[in-house]
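Please walk through this model one region at a time. The text below is meant to be read with the coordinates open.

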Amino acid sequence: RRAHYAALREKPSVTRDGVDITLLHNSGLVADLPMLDDTGAEGVGLFRTELQFMIASRLPRLKEQAELYAEAMGIAGDRPIVFRLLDIGGDKVLPYLRATAEENPAMGYRSIRLGLDRPGLLRTQIRALLQAAKGRPLKVLVPMVTETFEFLLTKQVISKEVDRLKRAGHPVPSRLEVGAMVEVPSLLFELDQIMPEADFVSIGSNDLVQFLTAADRANPRVSKAYDPIALPRLRAIRLVVDAAARHGKPVTMCGELAGKPMEALALMAIGMTRLSMGPASIGPIKEMILNLELKPIQDEIAKALGAGANGQSVRALLTQWAAKQ
Ligand code: PEP
Ligand code: MG
């Protein structure tokens, strides 16, 4: 199978009816990045920067962070990497950062909340990213945005660091894009406010589905009961796709959904064209795309979503449809 997928590497990921799908990696380790050459993916749609922090025995210093980012950019070359700002807290614990016990860590003091509350940590990371990019383009993604103003505050921290570099006569990124993760349900109701402020958005389906269904993503006893591509979840994701289209902003799915064939099919059926996934999923997903006539399934899914159907999954519909192909 590996040789089979390797043969697909050079082929552009376009459906039979001509829809271009951008395939990207989810990653967090520099050691993963050479795999870009094996899969032929267009870049890294989600680089989880907290991994460096999780495997360290103390807080990585500015220089160490900058070196890691520069190394990553060096390996990726012209292929873009979306660096997500630290998403610490919840299930991602740093032993050396004293955390107070919380009843609900997933909904607690985490991610950009912690970043904005401890701006020293956030500033250091942003400084490291800007230093690493020097003269190259840079993409930064803000996790767990709950309200637009948190995104604006983060952008202010970034602008201040850019100004600081300029004043000191250091090189700044040739182009800087800042995106917001849509993974907290409240932001679904602020899409027209966040979109004009963001250069791009990424949907984190792992958290978004967890919070939409109030079912812990780490607890299969409850999370298994709710299909992430059931109509209510798919409608929520479609809100983001439609808002992004209205505002002319790119939207990527970077949750685990994107790397599973039936789920990826559902996402493409509602108009998503940028999918970020574990490198091992690129081959199988690309193969599906190359054999796919997308328009008919888009019509079927649109009908299912529009009808007053109950919460049932579109999985059955997609499975039937796939079997006929
Ligand atoms: C997500 O929530 O879907 C996501 C991509 O981020 P993480 O899994 O790191 O929370
Ligand atoms: Mg998340």
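Ala258 is buried in this predicted model. The count behind that label is 27 other C-beta atoms within 10 Å, and because 20 or more are enough for a residue to be called buried, Ala258 qualifies. Ala258 sits in the loop between β7 (251-253) and α12. Leaving aside residues up to four places away in sequence, Ala258 touches Met253, Ala264, Leu267, Leu275, Ser276 and Met277. A long separation involving Ala258 can also be given: its C-alpha atom and that of Asp117 are separated by 32 Å, with the two positions 141 residues apart along the chain.

Two of the contacts of Ala258, Leu267 and Leu275, lead to the nonpolar core. In general, nonpolar side chains of soluble globular proteins tend to be buried together. Here the largest nonpolar core has 79 residues. Those that touch the most other members are Leu129, Val145, Ala180, Ala266, Leu267 and Leu275. Among the elements, helix α6 (residues 119-133) gives the most to this core, with seven residues.

Val145 can serve as a view into that core. Not counting residues up to four places away in sequence, Val145 is in contact with Ile112, Glu150, Phe151, Ala180, Met181, Val184 and Leu187. Ala180 in that list is itself one of the core residues that touch the most other members.

Next comes Met144, in the loop between β4 (137-142) and α7 (148-167). Most residues other than glycine have a negative phi. Met144 has a positive phi, near 55°. Is Met144 buried or exposed? Met144 has 24 other C-beta atoms within 10 Å and is therefore buried.

Ala214 also has a positive phi without being glycine, with a value near 50°. Ala214 comes just after α9, in the loop between α9 and α10 (220-223). Ala214 has 9 C-beta neighbours inside 10 Å, so Ala214 counts as exposed. Helix α10 holds Arg221. With 8 C-beta neighbours inside 10 Å, Arg221 counts as exposed. The C-alpha atoms of Arg221 and Ala243 are 22 residues apart along the chain and separated by 33 Å.

Going back to α9, its buried residues are Ser205, Asp207, Leu208, Val209 and Gln210. These buried residues pack against β5 (175-182), β6 (200-203), α11 (231-247) and β7.

Helix α9 also takes part in the surroundings of ligand 1. Which residues make up the shell around ligand 1? They are Leu46, Arg48, Asp87, Glu183, Gly204, Ser205, Asn206, Asp207, Cys254 and Gly255. The elements that give two or more residues to this shell are β2 (44-48) and α9 (205-213). The largest share, three residues, comes from α9. Sorted by class, the shell has two nonpolar, four polar and four charged residues. Ser205 and Asp207 of the shell are also among the buried residues of α9.

The next topic is a helix pair. Two packed helices are described by the angle between their axes and the distance between the axes. Helix α12 (residues 261-269) packs with helix α15 (residues 315-324) at an angle of about 100°, and their axes are 10 Å apart. An angle of 65 to 115 degrees counts as roughly perpendicular, and α12 and α15 are therefore roughly perpendicular to each other. The contact brings Met262, Leu265 and Ala266 in α12 together with Arg315, Leu318 and Thr319 in α15. By class, the residues of this contact are four nonpolar, one polar and one charged. Ala266 in this contact is also named among the core residues that touch the most other members.

Two further positions remain. Lys249 is in the loop between α11 and β7. Lys249 has 18 other C-beta atoms within 10 Å, so Lys249 is partly exposed. Not counting residues up to four places away in sequence, Lys249 touches Met195, Ala198, Phe200, Val201 and Ala244. The C-alpha atoms of Lys249 and Asp199 are 6.5 Å apart in space, although the two residues are 50 residues apart in sequence. Ile55, for its part, is found in helix α3 (residues 50-55). Ile55 has 10 other C-beta atoms within 10 Å and is therefore exposed. Its C-alpha atom is separated by 24 Å from that of Asp216, 161 residues apart along the chain.

How values were computed: Residues are numbered from 1 along each chain as its sequence is written. Chains are lettered from A and ligands numbered from 1 in the order in which they are written. This is a predicted model: local features need pLDDT of at least 70, side-chain atom pairs count only at pLDDT 80 or more; totals for chains, interfaces and linings use all residues. A residue is near a molecule or strand if its C-beta atom, placed from the backbone, lies within 6 Å of it. Helices (H or I, at least four residues) and strands (E, at least two) are DSSP runs, numbered from the N terminus. Ala, Val, Leu, Ile, Met, Phe, Trp, Tyr, Cys and Pro count as nonpolar, Asp, Glu, Lys and Arg as charged, and the others, Gly among them, as polar. A nonpolar core is a set of buried Ala, Val, Leu, Ile, Met, Phe, Trp, Tyr and Cys residues joined through C-beta atoms within 7 Å. A residue is buried if 20 or more other C-beta atoms lie within 10 Å of its own, exposed if 12 or fewer, and partly exposed in between; C-beta atoms are placed from the backbone. Two residues are in contact if their C-beta atoms, placed from the backbone, lie within 7 Å. Axes are lines fitted to C-alpha atoms, for helices over the stretch in contact, and angles run from 0 to 180 degrees between N-to-C directions. Angles under 35 degrees count as roughly parallel, over 145 as roughly antiparallel, 65 to 115 as roughly perpendicular and the rest as oblique.
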